Amino acid sequence: MRRSLPAVILCVAAVFFVVITISTAGAQKKAPEPMTLLLEGAKLPPTPFSHATHVEKAKLDCVVCHHKDKDPKEPDKCTQCHLLKEVKDNAIPAKDAFHKNCQPCHKESAGKGVKAPTKCAECHKK
Ligand code: HEC
Ligand code: HEC
Ligand code: HEC
Ligand code: HEC
């Protein structure tokens with residue numbers, strides 16, 4: 001039996017698609033769950049953070065927080081760009097970057113009746 005050329009091309013393309021999908025899924029970095037955020041030299045207790053809460057429950061895209069990574073699904077640490085003290089290439093220091101990322105959204109959520117921490121001690125938990 002002879003197959004037509006388009007059918008063969010389609011089969012080859014399908015195999016490639018499957019292989020590429022599997023290999024990129026396998027390569028995806030996984031964040032620890034839950035994680036603890038703590039800046040170097042921090043004076044306050046660390047801040048807990050859960051990807052499950054934010055990605056599954058709150059349904060946020062990776063890029064909402066991993067906003068400058070070439071591939072937001074394969075992100076670097078925020079502190080790669082947001083340094084401890086000084087501004088580098090317009091990137092504000094890490095403490096301010098975290099606060100400006102976490103707090104406005106939590107305030108907005110609280111306004112909509114979804115409970116998310118907004119007070120110092122709710123994030124910096126002993
Ligand atoms: C929505 C969560 C959240 C809230 C609310 C919050 N912070 Fe933070 N804060 C963070 C994160 C995340 C970091 C970076 C990781 C760390 O060190 O905790 C941070 C870092 C800091 C740092 C630098 C690290 C240290 O411990 O010295 C200070 C100081 C700080 N926050 C003070 C405050 C104060 C004061 C308030 C209340 C007015 C507050 N934060 C409210 C999330 C929060
Ligand atoms: C609500 C904000 C937020 C969302 C949404 C989010 N992340 Fe994160 N993610 C963080 C924070 C904050 C860190 C800690 C970064 C640090 O330590 O500087 C982190 C860390 C990571 C790390 C570890 C990076 C490292 O090298 O230590 C990976 C991997 C990661 N996230 C993947 C993802 C993926 C994939 C998605 C989407 C499915 C996602 N994140 C969505 C906030 C978020
Ligand atoms: C690859 C570098 C890079 C990484 C990684 C990165 N940022 Fe940024 N970020 C920047 C730069 C550069 C700016 C300056 C503003 C701009 O160009 O959009 C910025 C701006 C911000 C701002 C806006 C500040 C303002 O003035 O409103 C927030 C908030 C922020 N980053 C939080 C984060 C958080 C949280 C993470 C980690 C989850 C992160 N960033 C990871 C480079 C980075
Ligand atoms: C764009 C919106 C958004 C951003 C950005 C965001 N959060 Fe949240 N966060 C939420 C919402 C919504 C909830 C409540 C989810 C629920 O319980 O339904 C929440 C809940 C939480 C909780 C309590 C529930 C739990 O998982 O323990 C913590 C702690 C928290 N966030 C930490 C952080 C920190 C730290 C950051 C910044 C690095 C951050 N969040 C950034 C939307 C956000």
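Helices are DSSP runs of at least four residues, numbered from the N terminus, and a residue is near a ligand if its C-beta atom, placed from the backbone, lies within 6 Å of the ligand. In the predicted model, H2 and H3 each supply at least two residues of the shell around ligand 2. That shell holds 19 residues, and Lys29, Ala31, Cys62, Cys65 and Lys77 are the closest to the ligand. By class, 10 residues of the shell around ligand 2 are nonpolar, 4 are polar and 5 are charged.

The protein contains 5 helices and 2 strands, arranged along the sequence in the pattern α-β-β-α-α-α-α. Of its 126 residues, 2% count as buried. Among contacts with a separation of 6 or more, 23% are made by residues 24 or more positions apart. Mean pLDDT is 87, and 78% of the residues reach 70 or more. Over residues 18–24 pLDDT stays under 50, and the model has 0 contacts beyond four places in sequence for this stretch. Where pLDDT is low, the predicted coordinates should not be read in detail.

Ligand 1 is surrounded by 21 residues, of which Ala42, Leu44, Cys102, Cys120 and Cys123 come nearest. Helix H4 (94–111) and helix H5 (120–123) each contribute at least two residues to this shell, and the largest share, 6 residues, comes from H4. The shell around ligand 1 comprises 11 nonpolar, 6 polar and 4 charged residues.

Around ligand 4 there are 22 residues, the closest being Ser50, Thr53, Cys102, Cys105 and Ala116. At least two residues of this shell come from each of strand E2 (47–49), helix H2 (51–57), helix H3 (62–65) and H4. H4 gives the most, with 6 residues. The shell around ligand 4 divides into 14 nonpolar residues, 7 polar residues and 1 charged residue. Cys102 is listed among the nearest residues for ligand 1 and among the closest for ligand 4.

The 18 residues of H4 should span 26 Å at 1.5 Å a residue, and the end C-alpha atoms of the helix are 26 Å apart, so the expected span and the model agree. Just after H4, Gly113 adopts a positive phi of about 85°.

Thr36 lies in strand E1 (residues 35–37). Beyond its neighbours within four places in sequence, Thr36 is in contact with Pro46 and Pro48. The C-alpha atoms of Thr36 and Pro48 are separated by 4.6 Å, although the two residues are 12 residues apart along the chain. Thr36 counts as exposed because it has 11 C-beta neighbours inside 10 Å, and the cut-off for this class is 12 or fewer.

Several backbone features occur in loops. Most residues other than glycine have a negative phi, and most peptide bonds are trans. The peptide bond from Glu33 to Pro34 is cis, with omega near -10°; Pro34 is placed in the loop between helix H1 (5–27) and E1. Lys59, in the loop between H2 and H3, has a positive phi near 55°. This residue is exposed, since 7 other C-beta atoms lie within 10 Å of Lys59. Asn90 is not a glycine but has a positive phi of about 75°, and its place is in the loop between H3 and H4. With 6 other C-beta atoms within 10 Å, Asn90 is exposed.

Conventions:
Residues are numbered from 1 along each chain as its sequence is written. Chains are lettered from A and ligands numbered from 1 in the order in which they are written. This is a predicted model: local features need pLDDT of at least 70, side-chain atom pairs count only at pLDDT 80 or more; totals for chains, interfaces and linings use all residues. A residue is buried if 20 or more other C-beta atoms lie within 10 Å of its own, exposed if 12 or fewer, and partly exposed in between; C-beta atoms are placed from the backbone. Two residues are in contact if their C-beta atoms, placed from the backbone, lie within 7 Å. Ala, Val, Leu, Ile, Met, Phe, Trp, Tyr, Cys and Pro count as nonpolar, Asp, Glu, Lys and Arg as charged, and the others, Gly among them, as polar. pLDDT is the predictor's confidence in each residue, from 0 to 100. The expected span of a helix is 1.5 Å times one less than its number of residues.
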